[in-house]
Amino acid sequence: MFIAKVATWRAKRMGQDMNRQADVIVIGAGFGGINALWKLRGMGFDTLVLERGGEVGGTWYWNRYPGCRCDVPSMEYSVPWDPELDQQWDWTERYSGQSEILEYAKHLADRHDLRRDIIFNRTVTGICRDEGRGLWQVETDAGETYEARYVVTAAGCLSTPNLPDITGIRDFRGEMYHTGEWPHDHVTLAGKEVAVLGTGSTGVQASTAIAGEAGHLFVLQRTAQYSLPSLNRPLREEEKAEMKARYPEHRAWQRNSFAGQQMDPPAGMKAFDDPKKRRLEVYERAWRAGRQDLIACYADIGVDADVNAEVAEFARAKIRSIVNDPAIAEKLCPTANPIGTRRIIMDTGYFEIFNQDNVSLVDISEDPIDRFVENGVQLRSGRLIELDMLVIATGYDAVTGPLLAMNITGTGRVRLADVWRDGPRSYLGLMVKDFPNLFTITGPTSPTVHANVIFAIDQHVDWIADCLDYLQRNDIASIEPTDEAQDEWLAHVAEVGSRGLRASDTNNWYLGQNIPGKPRAFMTYAGGLNNYRARCDAVAQDGYRGFMLTRAEQDAVVE
Ligand code: NA7
């Protein structure tokens, strides 16, 4: 058995950097990393986690910007692997703020004594295959090298900031923060002239919060986006009690659902089978649900352009009814893409801020940024907006960015960056050929944020854990996918991604198109967590179909 062999090998190294070897190295201590540590350590694997930050929490550790909040309901955006905690933990709001989710992650780490196996403040700078010894060597910015038979990356899919290369941005002398690297110290906004660059989920949340504090807020909008009211509010005692009573069944349902969270669409119903009056009632109810129902209230919103256009127009009418100035309202009305083809934004009063005297919308598609200067931003028209602070909400080098940043080198010294030059290659979003025994939690071509990401993670951790157990029981030294299996999977991911209207909206991170020069490719699997789970399970039950399994030899483990 491998655990025993690695332990023997470790025993031979007694006294020589004992703490630098493990059975499994997990990279990242967000929800993915702590789930993997809890599960694999519980199975008897000596598991070590390397974490870039100073605390657990991942996304919720780094994203401390004002207004940061989850867009999945709290009682569903929590882990399914601690049923006792489901009963004990009291979420305060329908959609949790960053600090409450971070507290929850810290509490999980405490109650399962996870920190003893996590090394904080370590950025992984290299992961290199030692073929002769069948091990991975993981290097950190502290100059250490850790070794393990298995590596599980849990570095997040939205964790490498996209920093726009705009002329003069380094000349700006004011405060400047990317939302994903927000300072831990208090940032004073009162009385300041602040600009937020970007109007995605993050920019909308940040702008809404900053508008309440800043002297003046300039929202720099390149593309107007669809946003639905989250109707966030404190959770009522009876709601919490009701969910706690049905948590066991609900967690099982979440694990096997399309999105890992509850929505309320009339199943299978096509919009135009209803008369217009009825459709408008359905849209209105969906708008007031405080969830993402507007893009799911009929089955064909994502595929029928005419239906989609009607729903998009309904959303634009809502913006016009909220924003007092018709010219500003028009600029805020999204037209660039069908509704629902990008991550739908959930807001807490975003459009309302444009009725405040201290908020200005700056349409940088009409009057683009020419350059940043020492004291602000200069537009092409010659207009200078003087600023004390620039908040950069331009998103992430999503999904592949965090993995490529770790300089991963596999069999035959092949570099992951080269393998992925034309787009990510992977089998099931879990493994890559020539990188044996290296598993990617929320890796490219897996569901990631198309589902409640805690449940996308949970499925991956369970699959990886079962796989490691299988390898152990069958004395298998290494596992990696075949080229053919990868090709087939990538073709399936592309086919699923091309269905419906999503494929017509190319300028977003789902296709890598938010990053200049990044190859256009499907970063995520859009076919549903339930269908994805079924495929992954079938592969495992079929003796890991599509994978090459190499049996352990007598003395495969290093002397
Ligand atoms: P997103 O959704 O990628 O949004 C980024 C925003 O920044 C979007 O409005 C972009 O405009 C804008 N952007 C990006 N680069 C530039 C430059 N160079 N100049 C001006 N504006 C720019 O990132 P978020 O952080 O909001 O959300 C990411 C995910 O986190 C989200 O999907 C949820 O899953 C949670 P564009 O639309 O490209 O014109």
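**Questions about a core, a helix and a sheet**

Biologist: Which residues does Phe439 touch, not counting those up to four places away in sequence?

Modeller: In this predicted model, Phe439 touches Tyr150, Val151, Val152, Thr153, Leu430, Met431, Trp463, Ile464, Cys467, Leu468 and Ile479. Contact here requires heavy atoms within 4.5 Å.

Biologist: What makes the set around Phe439 a nonpolar core, and how many residues does the largest one have?

Modeller: The largest nonpolar core has 99 residues. The name applies because its members are buried residues of the nonpolar kinds, joined through side-chain atoms within 4.5 Å. Phe31, Leu428, Phe439 and Trp463 have the most contacts inside this core. Helix α13 gives the most to it, with 11 residues. The core draws at least three residues from each of domain 1 (20-160 + 398-476 + 526-542) and domain 2 (162-226 + 342-395). Apart from this core lies another, of 22 residues, with Ala22, Leu403, Val432 and Leu438 among them.

Biologist: Why would such residues be found together?

Modeller: In soluble globular proteins, nonpolar side chains tend to be buried together.

Biologist: What span does α13 reach, and what is expected for it?

Modeller: Helix α13 covers residues 453-473, 21 residues in total. From first C-alpha to last it reaches 30 Å, close to the 30 Å expected at 1.5 Å a residue.

Biologist: Why is α13 called largely enclosed?

Modeller: Of its 21 residues, 17 are buried, so the rest of the structure largely encloses α13.

Biologist: Is Ala456 in α13 buried or exposed, and what makes it so?

Modeller: The relative accessible area of Ala456 is 3%. Buried means under 20%, so Ala456 is buried. Leaving aside neighbours within four places in sequence, Ala456 is in contact with Thr448 and Leu529.

Biologist: Asp462 is also placed in α13; what does its relative accessibility make it count as?

Modeller: At 19%, Asp462 is under the 20% cut-off and therefore counts as buried. With neighbours within four places in sequence left aside, Asp462 is in contact with Lys39 and Arg255.

Biologist: Why is Asp475, in the loop between α13 and β19 (476-481), given its accessibility class?

Modeller: Its relative accessibility is 28%. Partly exposed runs between 20% and 50%, so Asp475 counts as partly exposed. The phi of Asp475 is near 55 degrees, a positive value in a residue other than glycine.

Biologist: What is the phi of Tyr544, and is Tyr544 buried or exposed?

Modeller: Tyr544 has phi near 60 degrees, again positive in a residue other than glycine. Tyr544 lies in the loop between α15 (529-541) and β20 (547-551). Its relative accessible area is 4%, under 20%, so Tyr544 is buried.

Biologist: How do you know that helix α6 (residues 201-210) is mostly covered?

Modeller: Of the 10 residues in α6, 8 are buried. They pack against β8 (193-197), β9 (216-221), β10 (227-229), β11 (345-347) and β16 (389-392).

Biologist: In the open sheet β13-β14-β15, what makes a strand an edge strand?

Modeller: An edge strand pairs on one side only, as β13 (369-373) and β15 (384-386) do. On average, neighbouring strands of this sheet are turned by 20 degrees against each other, direction ignored.

Biologist: How do you know that β13 and β14 pair?

Modeller: Pairing needs at least two bridges, and β13 and β14 (residues 376-379) have 4, in the antiparallel sense. Ile369 stands opposite Leu379 in β14.

Notes:
Residues numbered from 1 in each chain as written. Predicted model: local features only at pLDDT ≥ 70, side-chain atom pairs only at ≥ 80, totals over all residues. Heavy atoms only, no water. Helix = DSSP H or I, 4+ residues; strand = E, 2+ residues; numbered from the N terminus. Axes fitted to C-alpha atoms, helices over the stretch in contact; angles between N-to-C directions. Expected span 1.5 Å × (residues − 1). Buried < 20%, exposed > 50% of the residue type's maximum accessible area, 1.4 Å probe, protein only. Domains from an automatic or database assignment.
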